[in-house]
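Me: Could you take me closely through one part of this model, namely the charged side-chain contacts and how much cover their partners have? Please add whatever else helps me to place them, and spell out each cut-off as you go.

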Amino acid sequence: MSENDPLEPEILFDDDPSTELEVASKVMPTRIYLLPVAERPFFPAQAMPVLLDHEPWLETVEKIEDTPQHVVGLCLATSPDLSSATPNDFYEMGTLVRMHHPAAAKDKIQFIAEGLQRFRIKKWLSTKPPYEVLVEYPDEVMPRDNDKVKAYAMAIINTLKELIPLNPLYSEELRFFLDRFSPNEPAMLADFAASLTTAPMDELQEILETVNIRQRMEKVLVLIKKEMDVAKLQAQIREQVETRMTEQQRKFFLREQLKEIQKELGIAKDDRTADVEKFQDRLADCNIPEAAQERIDEELHKLSILETGSPEYSVTRNYLDWISSLPWGKYSEDSLDLEQARAILNRDHDGLEDVKDRILEFLAVASLKGEVAGSILLLVGPPGVGKTSIGRSIAETLNRKFYRFSLGGMRDEAEIKGHRRTYIGAMPGKFVQALKDVGTANPVIMLDEIDKVGASFQGDPASALLEVLDPEQNADFLDHYLDVRFDLSKVLFVCTANQLDTIPGPLLDRMEVIRLAGYIAEEKMAIAKHHLWPKQLKKVGLKKSQVKIGTKAMRHVIDGYAREAGVRNLDKQLGRLVRKSVVKILEHKKGKQTPINLDVETVEDYLGKPMFQDDKPLEGVGLVTGLAWTAMGGATLSIEATLVHSKNRGFKLTGKLGEVMQESAAIAYSYVSSHLEQYKGDPAFFDEAYVHLHVPEGATPKDGPSAGVTMGTALLSLARSQQIRKGIAMTGELTLTGHVFPVGGIREKVIAARRVKLKELLLPKANQRDFEELPEHIKKGLKVHFVGHFDDVVEIVFPKR
């Protein structure tokens with residue numbers, strides 16, 4: 001048979017019953033043009049549009065139109081860009097189609113392809129477009145066992161019946177198929193079913209290349225089963241989504257209908273009317289100034305005409321929500337009972353008698369006047385001495401609401417005075433927020449850590465506080481967000497700080513300073529027994545009978561582990577003791593909770609060796625103990641002076657001393673050098689002596705003038721080669737003329753001396769009033785010398801020869 005001769009249809013039979021029946025192909029050309037298709041092969045049972053690029057396939061389409069049968073081969077190409085497809089990109093098996101209604105538009109060619117027959121490429125007649133090839137038409141092998149083929153056909157048809165309701169597009173495809181073929185044609189049925197699936201390209205091409213009809217139907221049945229599972233899952237997901245959407249829409253419509261019904265009956269209003277009435281109800285009982293009321297009326301009118309969906313409506317509503325939540329003219333009634341106030345202060349605080357007296361004086365004046373005018377108190381003291389808790393006690397004493405916020409690290413002025421409403425997300429300042437939270441216009445507001453306010457490019461919060469904390473100005477406090485005046489003159493402000501140095505002068509001038517010094521051991525003992533120990537037991541759920549601590553053990557904790565001015569670290573150490581006691585109780589056999597008695601040995605077992613040892617002041621020539629003040633409380637300071645050599649005159653300072661302390665050392669050196677003969681020293685000693693003055697704990701920065709007397713005494717002791725009397729500590733500023741000037745922190749320094757068991761002190765005469773104001777239990781047992789000149793110091797500290 002020649003290549004151009006058509007194949008004659010014939011049926012071949014075999015005597016062997018196992019042989020299969022072969023159906024010869026219809027008369028088709030063996031020389032055809034070839035076009036590529038992408039993503040999935042074209043099946044004989046299909047009829048659908050094909051879209052190709054104008055270049056390089058226009059010439060191929062024109063040549064196909066010139067043929068009498070208008071047929072072309074469609075082959076799946078692996079190249080992602082069909083315009084550059086080469087013969088190596090084409091699969092060997094494709095489908096012969098008849099081209100209908102070709103048309104070109106916008107660089108694209110489109111035609112309707114009607115699938116006719118499978119073909120296999122035998123030879124490429126051209127290697128460039130238009131591609132022309134020699135093909136053969138493989139005979140489709142039909143099994144003799146028609147029952148098996150019929151069973152597969154029925155399985156495919158039944159699966160299609162289940163698949164078609166799940167996707168309406170499948171029904172359209174089925175109608176096109178039935179218009180062209182009969183369901184009793186198994187080969188076309190298998191091809192049609194394969195064309196409906198979304199299987200991968202390789203699996204579909206394998207179906208196309210399978211000429212055995214029974215095997216093809218097996219593979220197709222697997223594919224459409226998978227397709228049906230996917231379609232069922234999609235339908236289930238779609239049904240769930242539609243159910244939720246339908247339920248939401250139903251509720252939405254019902255709500256809208258309910259709103260309309262309620263409107264008709266006059267029992268409900270729209271959101272805008274409800275908002276306006278809510279704000280008006282809030283403001284009904286308020287005593288609002290005239291200027292503020294005008295502004296509120298303007299905003300309410302604006303809200304009533306704005307659309308609820310507009311951004312301006314939300315901004316206006318938020319503004320009215322804030323301004324209507326403020327306690328305009330609402331004041332709590334003050335309790336001015338001094339006896340009750342004293343009972344509350346004594347209940348909450350041990351020690352601090354001078355602070356309690358000062359607070360009672362403040363309340364007594366208020367009681368006499370009948371009202372507590374807005375005041376600004378500043379509690380200054382080391383950490384852990386009870387500044388915040390005193391603020392709470394003041395609020396409870398006055399029966400006022402209490403609000404606390406920290407100023408530590410605050411760098412934005414808007415935190416104090418609010419943001420302007422021009423900014424997105426604008427909010428009022430902290431004071432307006434405080435008034436909204438407490439609900440009264442005369443609360444106690446505590447400003448913690450006022451000495452740690454920062455400053456940045458966003459403004460200086462400390463300057464913004466000037467208006468708030470000035471009794472002459474805060475009656476007309478203006479928050480940038482509200483932009484109306486609010487009276488803060490009835491608010492009692494209680495500020496806390498660790499030191500005064502970092503508080504700006506104008507701000508400090510507006511506040512009444514109350515100093516809280518550190519606690520002595522006896523006060524810490526009372527605080528621990530009455531407050532800290534019961535609090536720690538309650539925190540872990542223990543009873544007092546389960547864990548007991550003796551007086552000696554408690555004093556050991558205070559002296560050995562918590563010598564700081566406050567009691568915060570003492571509270572932590574007691575907490576550690578309680579937690580370790582809980583572990584011991586739970587580990588005890590069979591839960592026999594015998595009481596745990598904490599003694600000195602048990603304390604060291606639980607907490608380790610004491611962090612502090614009994615400080616013994618250094619003694620010897622050139623060694624003197626001074627008293628210093630720090631932000632953590634008082635401290636003792638040993639000063640050492642020694643002779644390095646006598647080759648030349650010199651003076652060296654070490655110990656990380658600040659500028660003021662270096663000046664004090666230079667003054668002491670100059671004064672003692674010029675008065676050596678008067679103080680019974682060798683007048684020529686400093687002429688040839690290289691002296692080194694050191695203040696121990698060199699890693700700790702030190703500054704201040706109060707060590708001048710101590711340094712002068714150390715230098716004179718070195719020059720006279722004579723040790724001062726034992727057990728003496730001193731403080732005071734020394735001048736070039738020998739006068740002793742007053743210093744600050746007398747209470748803290750006296751407490752520091754008691755802590756290390758120093759009983760004899762030298763203080764400036766000008767500080768005698770400060771010492772006499774100290775509580776008796778702090779002064780008890782101390783011998784104090786008040787000196788006005790360095791001559792007095794020399795007379796007291798050096799023993800008679």
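Reply: A good place to begin is Asp448, which counts as buried at 5% relative accessibility, where buried means under 20% relative accessible area, exposed means over 50%, and partly exposed lies in between (1.4 Å probe, protein chains only). This is a predicted model, in which local features need pLDDT of at least 70 and side-chain atom pairs count only at pLDDT 80 or more, whereas totals for chains, interfaces and linings use all residues. Residues are numbered from 1 along each chain as its sequence is written, and side-chain values use heavy atoms, with hydrogens and water left out.

Asp448 is the partner of Arg404 in a salt bridge whose closest N and O atoms are 2.6 Å apart; the term stands for a side-chain nitrogen of Lys or Arg within 4 Å of a carboxyl oxygen of Asp or Glu. Because Arg404 belongs to strand S11 (residues 402-406) and Asp448 to strand S12 (residues 444-448), the pair ties together parts that lie 44 residues apart in sequence. Strands (E, at least two residues) and helices (H or I, at least four) are DSSP runs, numbered from the N terminus. In contrast to buried Asp448, Arg404 is partly exposed, at 38% relative accessible area.

A second pair joins Asp451 to Lys452, with 3.3 Å between the closest N and O atoms. Here Asp451 is buried, at 7%, while Lys452 is partly exposed, at 37%.

The third pair is made by the side chains of Asp470 and Arg510, which meet at 3.3 Å, N to O. These two residues are 40 apart and link distant parts of the chain, Asp470 sitting in the loop between helix H15 (461-468) and strand S13 (477-478), and Arg510 in the loop between helix H16 (505-509) and strand S16 (512-515). Asp470 is buried, with a relative accessible area of 11%, and Arg510 is partly exposed, at 24%. Elsewhere, salt bridges that share partners connect Arg295, Glu299, Lys302, Glu312, Arg421 and Asp483 in one network. Over the whole structure, the search returns 31 salt bridges.

For contrast, consider a nonpolar part of the surface. Leu233, Ile237, Val241 and Met245 make a nonpolar patch of about 350 Å². Patches consist of residues with over 30% relative accessible area and no salt bridge, like charges being joined within 9 Å and nonpolar side chains (Val, Leu, Ile, Met, Phe, Trp, Tyr) within 5 Å; the areas come from the Shrake-Rupley method with a 1.4 Å probe, and for residues only the protein chains shown count as cover. Val241 lies in helix H6 (residues 213-265) and is partly exposed, at 38%.

Finally, strand S7 offers a backbone setting to compare with these side-chain contacts. Seven bridges join S7 (residues 108-124) to strand S4 (residues 47-53) in an antiparallel arrangement, two strands being paired if DSSP finds at least two bridges between them. Within that pairing, Asp53 has Lys108 as its bridge partner in S7. S7 also runs antiparallel to strand S6 (residues 93-105), with 11 bridges, and Ala104 stands opposite Ile109 of S7. The hairpin of S6 and S7 has two residues between the strands, and Lys106 there takes a positive phi near 50°. Four bridges pair S7 with strand S8 (residues 131-136), again in the antiparallel sense, and six residues form the hairpin connection from S7 to S8.
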